[in-house]
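This report describes selected features of the structure shown below. It is addressed to a reader who has not met the structure before.

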Amino acid sequence: MEQEHFDPDFQELYDRYIQAEREEAGRIYPEIAPKLIMPVRHIRRWQYPVAAAILILAAGTWALRSDFGSFKPQPKYTEAEVRQSLSEAVRALTLCSQTITQEFGQIENLGAMTEAISPAPREIADNPQENSKTTKN
Amino acid sequence: MKKYLIILMTLLPIALAAQNSTSVSEILAPAQPVKVEKKELAVVLSSCATSTGDNYRFFQINEEMFKAFCNLKDADSTSVALFQKIKSVCMLERVLTNAERKKLNSKDLPYDCWLWNTIHNNVDLTGYTILLKSTTYSSLTKFLKKELGPGDNEFLLISDKMVIDIRGDIQINTIYEMQKVLRYVQKILPN
């Protein structure tokens, strides 16, 4: 099997570089180690269940309110039922309205008729002479 | 003495039998008028329809159904505005035979007080104001109103052939103009 052969000068240089890098890393690590804390470590222990509860509530609310899935509230009446019932209601309301219009219409006619047959209230004549004539007579 | 004893012995079982059959207080007490328990209008109308076979037809529509209509796609804004105000509608209608219908058209069918009497006897009509009362040979119409609260009125139309009860935030003008408003709705509803 063929082995890779490096130039001895390059090999020495490379080994020194690796050694220096290790030394540097060993020296720097204790300085930067306290800064390497992950942000998640700031969350306190009691905050996990609270966050979980909030998430469950949000998910539950979404599931109940959304139009998807089996949680969608089923309409109580079908469209055909609504239309059929409303057809009856409209019939009733129209009949009621018609009857009332007719009956009140008759009253209006009755009023007009009463006005027509009853003697009109005596108007004061505009002409003062006419008035004087009546007085004289 | 013997005579008296025999008479007494004969009368005693008769007296006991009479006491068992009718209490004296019942005989002496004056006749009480029969009190009819007042019921809700819808209950009375419903029982009218069930007790008279096919002679009367009853239906009742509640607020929920009107709300359901407002959610229909082809509901127009005017009707929706009207139906949002209505809380309930119930109707009892007399099913006329062909012969009766012919007579009615020729105004030869005398009016029947049965519906009015039934409602008057069984429904508590206190608080109702009679807005209109009309009587002819062939028809009897009464139109009543009851204010149930702010924005809640009840209008009751009783004729010899039908009873219509409308409840909601409606006024007399609303009923007067209802047939114009409902023309569009009639077109979109099944025949």
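## Tyr56(B) and its ring partner

In this predicted model, Tyr56(B) has a relative accessible area of 9%, which is under the 20% cut-off, so the residue counts as buried. Trp114(B), by contrast, is partly exposed, because its relative accessibility of 33% falls between the limits of 20% and 50%.

By the rule applied to rings, there are five aromatic pairs over all chains. One of them joins Tyr56(B) and Trp114(B): the ring centres lie 5.3 Å apart and the planes stand at 35°, so this pair is classed as tilted. The two residues are 58 apart in the chain, and their pairing links distant parts of it, with Tyr56(B) in strand 1 (residues 56-61) of chain B and Trp114(B) in helix 7 of chain B.

## A phenylalanine cluster

A further aromatic pair is formed by Phe69(B) and Phe83(B), with a centre-to-centre distance of 5.0 Å and an angle of 85° between the planes, an edge-to-face arrangement. Phe69(B) belongs to helix 4 (residues 63-70) of chain B and Phe83(B) to helix 5 (residues 77-83) of chain B; the pair thus links distant parts of the chain, 14 residues apart.

Both rings belong to buried residues: Phe69(B) has a relative accessibility of 0%, and Phe83(B) one of 1%. Ring pairs also bring in Phe66(B), which forms a cluster with Phe69(B) and Phe83(B).

## Packing of helix 3 against helix 7

Helix 7 of chain B, which holds Trp114(B), spans residues 114-122 and packs with helix 3 (residues 41-51) of chain B at an angle of about 140°, the axes being 10 Å apart. Because this angle lies between 115 and 145 degrees, helix 3 of chain B is oblique to helix 7 of chain B. The crossing of helix 3 and helix 7 of chain B is right-handed.

On the side of helix 3 of chain B, the residues in contact are Leu41(B), Val44(B), Leu45(B) and Cys48(B); on the side of helix 7 of chain B, they are Trp114(B), Thr118(B), Ile119(B) and Asn122(B). By class, this contact between helix 3 and helix 7 of chain B comprises six nonpolar and two polar residues, with no charged ones.

## Chain B as a whole

Chain B contains ten helices and six strands. Of its 191 residues, 38% count as buried. Considering contacts in chain B between residues at least 6 apart in sequence, 57% join residues at least 24 apart.

Terms used:
Residues are numbered from 1 along each chain as its sequence is written. Chains are lettered from A and ligands numbered from 1 in the order in which they are written. This is a predicted model: local features need pLDDT of at least 70, side-chain atom pairs count only at pLDDT 80 or more; totals for chains, interfaces and linings use all residues. Side-chain values use heavy atoms; hydrogens and water are left out. Axes are lines fitted to C-alpha atoms, for helices over the stretch in contact, and angles run from 0 to 180 degrees between N-to-C directions. Helices (H or I, at least four residues) and strands (E, at least two) are DSSP runs, numbered from the N terminus. Angles under 35 degrees count as roughly parallel, over 145 as roughly antiparallel, 65 to 115 as roughly perpendicular and the rest as oblique. A crossing is left-handed if the near helix is turned anticlockwise from the far one by less than a right angle, and right-handed if clockwise. Contact means heavy atoms within 4.5 Å. Ala, Val, Leu, Ile, Met, Phe, Trp, Tyr, Cys and Pro count as nonpolar, Asp, Glu, Lys and Arg as charged, and the others, Gly among them, as polar. Rings of Phe, Tyr and Trp (its six-membered ring) pair if their centres lie within 6.5 Å; planes under 30 degrees apart count as stacked, over 60 as edge-to-face and the rest as tilted. Buried means under 20% relative accessible area, exposed over 50%, partly exposed in between (1.4 Å probe, protein chains only).
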